[in-house]
Amino acid sequence: MKTSYLPSILGCLLSFSSMTVFADTDLKVEGLDGDVEDNVSAYLSSIKEEEYSTSLRFQSRIEDNIRDALKALGYYNPEIEFTVNSDNDNPSSDNELIVNIDIGEPTVIYESDIVIEGEAATDVDFQRLIDESKLNLGQIVNHGHYESLKGSIRNLALQKGYFDGEFTDTRLQISAKRNQALIHLHYKSGERYVFGATSIVGSQIEQKRVFSLLPYKEGDFYHSTTVGVLNQNLSSSEWFSTVSVEPDIEGVGEDKALPMKVRLAPQTRNQIETGLGYSTDVGPRGKLSWKKPWLNKYGHSVGASLVLSSPEKTFIANYKIPLEDVLSDYYLIQYGFKDEDDNDTNSQEQNLSFERHWLYDNGWHRSMYVRVLYEDYIQASEEGTSTFVLPGISFSRVRSRGSTMPMWGDKQSINVEFGDPAMLSDTRIVRVVGHTGWIRGIGQNHRFLTRLDAGGAFADDWSQVPPSLRFFVGGINSLRGYGYETISPEDSNGELEGGAYMATSSLEYQYRVTGNWWWATFIDVGDSWTDTPDWKRGVGMGVRWGSPIGPVRLDFAYGLDADDGDQFRIHFTLGPEL
């Protein structure tokens, strides 16, 4: 009688399988650190933990992944050993697979044959890529650096207009026994393309003014960054709702001149914006703005805005006339009316100004102007009307790096204006106002803000100077812990009369609590005075939120030199920090 052992064998295998299915395997890699450890971990991460086992097949799979990871960083001769720790008496307990790695000697670059041919051979940008590629003689070969250099050469060629460029030799050869690598990378750039004729369609503005926005001349070397600048210039003009700039590859001739096609669509003739806000300094505030971004084919624009709050009502209208350099040079005619009834000031102020503006490449904005000021006012016990014709000049610059809550930024401005009876002013006056502010970050979680404002009005007859030319300080953007513009010299009745000078400074530290939320602590010092300053101090803490529409600030401030019972203030506002 024949006896079959197959059912018994299968039964044993199934029994063994059922006993070990519950056992898990832990994988532990030893002997690595730094970039090598990170790369091996990245390669092994493609294997799911539930696939871990102590089998020889799995060990072979792990070894292949490790060797590939090490080769990518220049280690071709590693020694890899496996050790299995398991509890034979308890099949359901965890097993541990330990991989010990000795990466061995690195493979270094023995020959680096990197050649750029054609017009790009003398292009410093290509040479800089090669110098910074980490593919020089004696360096450890890295496959990522090799592929990165190839990609960088292609991208740079496209950016700078070497559209006919191609690689003629791309070889990375490895002699694992000798630990040597040989690199052959030859790129033939061909001729560099230049900007050809530019055609503009769809513009409602005369061609001459649109062409002034081009940051290149016909025949200049092509660069994709220059095309980006053109897109930005056209958008910044605010004349167009859509902007499309495309090279016309099919129109290229033997001279490698690349025609440019610009397609535009007119901006909406009228734009209206409304806004609501709140600040503890002025209470609820509403704003209505209207703008006509283009009035005629010359690109003139007109706009107006109305801002209403309890202490102030402001209306401003302007007419802008762009000059030859549309974005940088323009005239501005502006009329403004302000009705203020706050503290001891009751004033109706009208300004008509004629301004010339220049925007420089270094970020500075200069304006020269003449403004006519007429003001009907009551300031404390003084009452009167004033007329001034004030020529002036101002310089300003704002810079920042980052988003809503930048880690680096600064702002500077200075304004000087002059009036004289010979020019129809009530009295001779020179008025100077300056501002500087800085934001600096340390790491990702610490920010420091500092600010200094100062001003002075030098007049022959101070009694002829209206409130708008005097100085008042206090409030969220001035001296926290005090009411809005409640600090100035007082007359014999204890009423505010405005100062001839002012200075305020602030130092603030912020710490990121989480995300876009920051905790802040600060100290402010300042005063407005005519004879001698009596410095006021404010300290406090606050919360900052980098909202999508701008920084939101909530401050709890204490005026160290405020009147008893009036030391504590809450300041809340939305707007830029500088």
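Reader: In this predicted model, is aspartate 460 buried or exposed?
Author: The model is a predicted one, and the class of aspartate 460 follows from its computed relative accessibility of 56%. Since the exposed class begins over 50% relative accessible area, aspartate 460 counts as exposed.

Reader: Which residue meets the side chain of aspartate 460 in a salt bridge, and how many residues apart in sequence are the parts that the pair ties together?
Author: The partner of aspartate 460 is arginine 428, with an N to O distance of 2.8 Å. Aspartate 460 lies in the loop between strand E20 (446-459) and strand E21 (501-514), whereas arginine 428 lies in the loop between strand E18 (408-419) and strand E19 (429-442). Arginine 428 is itself partly exposed, because its relative accessible area is 39%. The pair therefore ties together parts whose separation in sequence is 32 residues.

Reader: What separates arginine 128 and aspartate 125 along helix H4?
Author: These two side chains form a salt bridge in which the closest N and O atoms are 2.7 Å apart. Arginine 128 counts as partly exposed at 41% relative accessibility, and aspartate 125 is likewise partly exposed, with a relative accessible area of 24%. Because they stand 3 residues apart in helix H4 (residues 124-131), their separation is about one helical turn.

Reader: Which strands are the edge strands of the open sheet with the order E4-E6-E5?
Author: This open sheet has 3 strands with mixed pairing, and an edge strand is one that pairs on one side only. Strand E4 runs parallel to strand E6 (residues 180-188), the two being joined by 9 bridges, and glutamate 111 stands opposite leucine 182 in E6. The edge strands are strand E4 (108-117) and strand E5 (166-175).

Reader: Which elements give two or more residues to the nonpolar surface patch?
Author: The patch covers about 610 Å² and is made by Ile272, Leu288, Trp290, Leu306, Leu308, Phe315 and Phe337. Of these, isoleucine 272 is placed in strand E10 (residues 271-279) and counts as exposed, at 62% relative accessibility. The elements giving two or more residues are strand E11 (283-292) and strand E12 (301-309).

Reader: What is the radius of gyration of the chain?
Author: The chain has 7 helices and 25 strands. For its 578 residues the globule rule gives 25 Å, and the computed value is well over this, so the chain is more spread out than a compact globule. Along its principal axes the C-alpha trace spans about 130 × 75 × 50 Å. The radius of gyration is 36 Å.

Definitions and conventions: Residues are numbered from 1 along each chain as its sequence is written. This is a predicted model: local features need pLDDT of at least 70, side-chain atom pairs count only at pLDDT 80 or more; totals for chains, interfaces and linings use all residues. Side-chain values use heavy atoms; hydrogens and water are left out. Patches are made of residues with over 30% relative accessible area and no salt bridge: like charges are joined within 9 Å, nonpolar side chains (Val, Leu, Ile, Met, Phe, Trp, Tyr) within 5 Å. Accessible areas come from the Shrake-Rupley method with a 1.4 Å probe; for residues, only the protein chains shown count as cover. A salt bridge is a side-chain nitrogen of Lys or Arg within 4 Å of a carboxyl oxygen of Asp or Glu. Helices (H or I, at least four residues) and strands (E, at least two) are DSSP runs, numbered from the N terminus. Buried means under 20% relative accessible area, exposed over 50%, partly exposed in between (1.4 Å probe, protein chains only). Two strands pair if DSSP finds at least two bridges between them. The radius of gyration is taken over C-alpha atoms; the globule rule is 2.2 Å times the number of residues to the power 0.38.
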